[in-house]
Amino acid sequence: MSNDAQFEDGREVPLNLGAVDVEDLKVMSSLIQDAVFPITEMSWQRTRRSFALLLNRFRWEDEGRSRHGAERVQSVLAFDDVLSVSSQGIQQTDCSLVLSLLNLDFVSTDETSGSIMLNLAGDGAIRLDVETIAVTLKDVTQPYVALSGQEPRHFV
């Protein structure tokens with residue numbers, strides 16, 4: 001005999017994921033695609049060898065969009081074992097700048113180290129030179145209805 005479904009069975013839980021290799025990073029990249037963040041929400045702590053972003057992430061994994069509409073959630077994307085950070089195509093002095101994250105990519109330099117590229121809309125990029133892949137993605141707020149009310153669209 002089967003039990004009836006309980007309300008708790010259908011609840012959605014916040015993401016709390018880690019990436020330690022290229023395959024994990026690809027999964028994480030698909031979840032942060034089209035995330036937006038103000039340039040002021042980047043933090044590079046050289047002595048701790050960490051870099052973090054506070055993102056407004058579109059909830060691609062949400063299967064309930066037909067019920068409640070498109071949603072975003074604030075998430076922390078954190079990188080450990082970061083040796084250096086550089087960027088191109090970003091006006092770092094413009095505190096009102098909002099960036100859109102397209103994907104994450106890894107370029108290896110040897111067996112464990114390399115660069116994680118945060119590719120941005122508009123040809124911008126942030127490069128993190130890392131000793132190893134050590135990335136976490138953690139939702140830190142409740143989901144909220146996306147301001148546009150729609151899924152992000154990509155035009156060719």
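Start by selecting strand β4 (residues 50–58) together with β5: the two run antiparallel and are joined by eight bridges. You are looking at a predicted model, so treat every stop on this tour as a feature of that prediction. To find your place in the pairing, pick N56, whose bridge partner in β5 is Q74.

**Around β5**

Keep β5 (71–79) highlighted and add its other neighbours. Strand β10 (residues 135–139) also runs antiparallel to β5, with five bridges between them. A handy marker here is F79, which has V135 as its bridge partner in β10. Next, bring in strand β11 (residues 144–145), which pairs with β5 in the antiparallel sense over two bridges. Click on E71 and you will find its bridge partner, V145, in β11.

Now switch on a surface and ask: how many of the nine residues of β5 are buried? Seven are, so the strand is largely enclosed by the rest of the structure.

**The salt-bridge network**

Side chains of opposite charge can pair when their charged atoms come close. For a good example, select R57, R59, E61, D62, E71 and D139, which are linked in a network of salt bridges. Zoom in on E61 and R57 to begin with: their side chains meet in a salt bridge at 2.9 Å, N to O. Is R57 buried or exposed? R57 is buried, with a relative accessible area of 0%, while its partner E61 counts as partly exposed at 28% relative accessibility.

Move on to D62 and R59, another salt bridge, where the closest N and O atoms are 3.5 Å apart. Here D62 and R59 are both buried.

For a stop elsewhere, select D129 and R127, whose side chains form a salt bridge at 3.3 Å, N to O. R127 is partly exposed, with a relative accessible area of 36%. If you would like to hunt for others, a search of the whole structure finds nine salt bridges.

**The largest pocket**

Last stop: which residues line the largest pocket? Select E12, V13, P14, R59, R67, H68, E71, V73, D139, T141, Q142 and P143. Two elements, α2 (65–68) and β5 (71–79), each give two or more residues to this lining. Several names will be familiar by now: R59, E71 and D139 appear in the lining and also belong to the salt-bridge network. Colour your selection by class and you will see four nonpolar, three polar and five charged residues. The space they surround has a volume of about 190 Å³.

Definitions and conventions. Residues numbered from 1 in each chain as written. Predicted model: local features only at pLDDT ≥ 70, side-chain atom pairs only at ≥ 80, totals over all residues. Heavy atoms only, no water. 1 Å grid on protein atoms, 1.4 Å probe; cavity = no way out; pocket = protein on both sides within 12 Å on 5 of 7 lines; lining within 4 Å. Points joined across faces, edges and corners; volume = space filled by probe spheres on them. Helix = DSSP H or I, 4+ residues; strand = E, 2+ residues; numbered from the N terminus. Nonpolar A, V, L, I, M, F, W, Y, C, P; charged D, E, K, R; others polar. Salt bridge = Lys/Arg side-chain N within 4 Å of Asp/Glu carboxyl O. Buried < 20%, exposed > 50% of the residue type's maximum accessible area, 1.4 Å probe, protein only. Pairing = 2+ DSSP bridges.
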